[in-house]
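Visitor: I should like to go through this model term by term. Please set each label against the criterion behind it.

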Protein chains: 2
Amino acid sequence: MADKPTRVVLYGSGLMGSVIIRYLIEKGFDLVGVIDNNPDLVGKDAGAVAGLGRDLGVVVSDDADAVLSQGADIAILTLMSLMSDMEPFFAQCARHGVNAISTCEEAFYPRTTSPEITDRLDALAKEHGVTLTGSGYQDVYWGNLATVIAGSTQRIESMEGVSSYNVDDYGIALAKVHGVGMTPEQFQREIAEANVPSFAMNVPGWIASQLGLTMTEISQVLMPRYSDHPVASTTLGRDIEPGEALGMAARATAKTAEGVAIIMEVRGLVYEPGDTDLNDWVIRGEPTTAVSVDKPNTVELTCGTIVNRLPQVIAAPPGFTTLELLPPAKYLPVVA
Amino acid sequence: MADKPTRVVLYGSGLMGSVIIRYLIEKGFDLVGVIDNNPDLVGKDAGAVAGLGRDLGVVVSDDADAVLSQGADIAILTLMSLMSDMEPFFAQCARHGVNAISTCEEAFYPRTTSPEITDRLDALAKEHGVTLTGSGYQDVYWGNLATVIAGSTQRIESMEGVSSYNVDDYGIALAKVHGVGMTPEQFQREIAEANVPSFAMNVPGWIASQLGLTMTEISQVLMPRYSDHPVASTTLGRDIEPGEALGMAARATAKTAEGVAIIMEVRGLVYEPGDTDLNDWVIRGEPTTAVSVDKPNTVELTCGTIVNRLPQVIAAPPGFTTLELLPPAKYLPVVA
């Protein structure tokens, strides 16, 4: 981190934020502010929020403008999963001249699902000379893991990814967009018919953009999943009964002008005991290559990727800059 | 490939070269020359060498200087596995002002095992304004696959890779440096005591360089492997008897000043029926993540990576430029 530590604001100190606080400290970043409107957290020291056993001298504030106006190199936004919810927070950072990176899954590559919001934020970011972006687990395991394999392939017919994670690890915002606890009628109305863009929908555009392929069409199928017995959900604070969705599998299928199909299936479910995360890719063509990640810890890998990305994002050109355009996230050694 | 196709010379048209000829044609490269001193190949059309069923109008020549003096954007060298053998061929390309990329495994990151040769070639390449480098399977599966996972990790204690391949797929040059067919005494004298640098020895330096880690020590252990029954080898053209090595496992262990251990084990063996290639990485730390490639086709992936790398290498700065310094190999679509 050299002589002048990078000044970081954490915006949202829930499940992910509390891990990120510790990661920032371990890597020598200067945590200069924590923003959250949860009354249970406001006024608490960030060290207590992260369970560090010591104070950091940074207290959680619900006055975002006050915190951001003190200046920072970058803000980490761990708030919500959709761009429509995130736009005001990205915009707020931009207006304060603070770069921002968010765990918002749609922000990974929002041009496919929210092009107007992305354009507005891109213009605002350029006006204020800051970079806005999204990253996390998906940056590596839905993105560069697949494109690195592609780089060794002569002829690709399709790139097919499947990833699952435990909705209970990510908090209520993510559970909501997965239809957790909904009846089939609710799921049909609020998720399927609303055609809420799934996280899978952001993957083909990211990959196509990095590889220079032209995406010609994309569509998604959303499939709720049920159990025949009650399953405890910590996020909902109750059992999910048979007839209520544990979450869903979402599959996005895209075609490109160059003949490469890109298919991503994302399964976000409240896990039962024994369920583990999975992340597999098959690149079909010459040759066909399959790569599999064994029980990835998606929460830690999301926080790890975000923190490792900070120097690259700060140095990136202004705008809403998606990360397929930069080299892959680079490991930063711990210093503490 | 735009209007002006990239002009490529293939230097060595054995097992790998014949695949590369087809890959180049499929991706719209202009194959302008093929060099080989094998009397069975000299005078043959490259299309016949590659089994394309049609002539390409490019005939195999044993006059390397004549071919290189006609000019080319880059030469692909599929000749030998060690830098000491490859130095004159790299130097020859440089003197003709032709960039060169080689499947030579040591060329992947030769600074660890052959620093003087690398320095000489680096100076010569800069003098002539060309880039010299090595790539292939190792570029992706021993390199960027591991570092991409590292980029999502908070704290790395060790990076541990293991890879195996069938020596019979790669020809006699590679079999020789693996001790294939040697008695224990021969192996001890010609491989173990000679401490011939194994391919594993080039991996930790590549990874450390990309991650900005300082390698403080590295050592290797070479372990011959035997069978209790005869095993047919196509490369040796005979059975390998019990008491003769099928090849070896080589393990390189490196430490870094930042506390990250990097361990690579490479198993090069004449396979028995049912054996398949494997390539696994475990990144230990917070979190621990394991990634596994299912039966990688190392020959096709080597040729695919080399061809996909060509535009990046041509555009790279002059010198002996190892590829951990560039972004990962990027998939080029086929055009034919």
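Visitor: Which residue of β14(B) stands opposite Ala290(A)?

Guide: This is a predicted model, and in it Asp294(B) is the residue of β14(B) that stands opposite Ala290(A).

Visitor: What makes β14 of chain A and β14(B) a strand pair?

Guide: Two strands pair if at least two bridges are found between them. Strand β14 of chain A, residues 289–294, and β14(B) share five bridges, in the antiparallel sense, so the criterion of at least two bridges is met.

Visitor: In what order do the strands of the open sheet follow one another?

Guide: The order of the 12 strands is β8(A)-β11(A)-β12(A)-β7(A)-β13(A)-β14(A)-β14(B)-β13(B)-β7(B)-β12(B)-β11(B)-β8(B), with mixed pairing. From one strand to the next the twist averages 10 degrees.

Visitor: Why are β8 of chain A and β8 of chain B said to stand at the edges?

Guide: Each has a single partner strand, so one side of each is left without a neighbour in the sheet.

Visitor: How many bridges make β7(A) and β12(A) a parallel pair, and which residue of β12(A) faces Val162(A)?

Guide: Nine bridges join β7(A) to β12(A), and Val162(A) stands opposite Glu265(A). Strand β12(A) is also joined to β11(A), by eight bridges and in the antiparallel sense; there Ala252(A) stands opposite Met264(A). In the hairpin of β11(A) and β12(A), four residues lie between the strands, and Gly259(A) takes a positive phi near 85 degrees.

Visitor: Why is β12(A) described as largely enclosed?

Guide: Seven of its nine residues are buried, so β12(A) is largely enclosed by the rest of the structure. Buried here requires 20 or more other C-beta atoms within 10 Å.

Visitor: What makes α9 of chain A a mostly covered helix?

Guide: Eight of the nine residues of α9(A), which spans 203–211, are buried. Among them are Val203(A), Trp206(A), Ile207(A) and Leu211(A). The buried residues pack against α6, β7, β8, β11 and β12 of chain A. After α9(A) comes Gly212(A), with a positive phi near 75 degrees.

Visitor: Why is Ser219(B) called exposed?

Guide: A residue is exposed if 12 or fewer other C-beta atoms lie within 10 Å of its own. Ser219(B) has 11 of them, and is therefore exposed. Its place is in strand β8 of chain B. The C-alpha atom of Ser219(B) is separated by 8.3 Å from that of Arg251(B), 32 residues apart along the chain.

Visitor: Why is Lys295(A) counted as partly exposed?

Guide: Exposed means 12 or fewer neighbours and buried means 20 or more, with partly exposed in between. Lys295(A) has 13 C-beta neighbours inside 10 Å and therefore counts as partly exposed. It lies in the loop between β14 and α10 of chain A, and has a positive phi of about 45 degrees although it is not a glycine. In chain B, Lys295(B) likewise has a positive phi of about 45 degrees.

Visitor: What is the omega of the peptide bond from Glu286(A) to Pro287(A)?

Guide: Omega is near -15 degrees, and the bond is cis. Pro287(A) lies in the loop between β13 and β14 of chain A. In chain B, a cis peptide bond joins Glu286(B) and Pro287(B), with omega about -15 degrees.

Visitor: How do you know that the two copies are related as by a two-fold rotation axis?

Guide: A turn of 180 degrees and a shift of 0.0 Å along the axis lay chain B on chain A with an RMSD of 0.0 Å. The two copies are thus related as by a two-fold rotation axis. The same surface serves both copies, since 100% of the contact residues of chain B recur in chain A.

Visitor: How many residues of chain B are in contact with chain A?

Guide: There are 39, and they meet 39 residues of chain A. The elements that give two or more residues to this side of chain B are α1, α6, β7, β14 and α10. The largest share, seven residues, comes from α10(B). By class, this side of chain B has 21 nonpolar, 11 polar and seven charged residues.

Conventions: Residues are numbered from 1 along each chain as its sequence is written. Chains are lettered from A and ligands numbered from 1 in the order in which they are written. This is a predicted model: local features need pLDDT of at least 70, side-chain atom pairs count only at pLDDT 80 or more; totals for chains, interfaces and linings use all residues. Two residues are in contact if their C-beta atoms, placed from the backbone, lie within 7 Å. Ala, Val, Leu, Ile, Met, Phe, Trp, Tyr, Cys and Pro count as nonpolar, Asp, Glu, Lys and Arg as charged, and the others, Gly among them, as polar. Axes are lines fitted to C-alpha atoms, for helices over the stretch in contact, and angles run from 0 to 180 degrees between N-to-C directions. Copies are superposed by least squares on the C-alpha atoms of residues with pLDDT of at least 70 in both.
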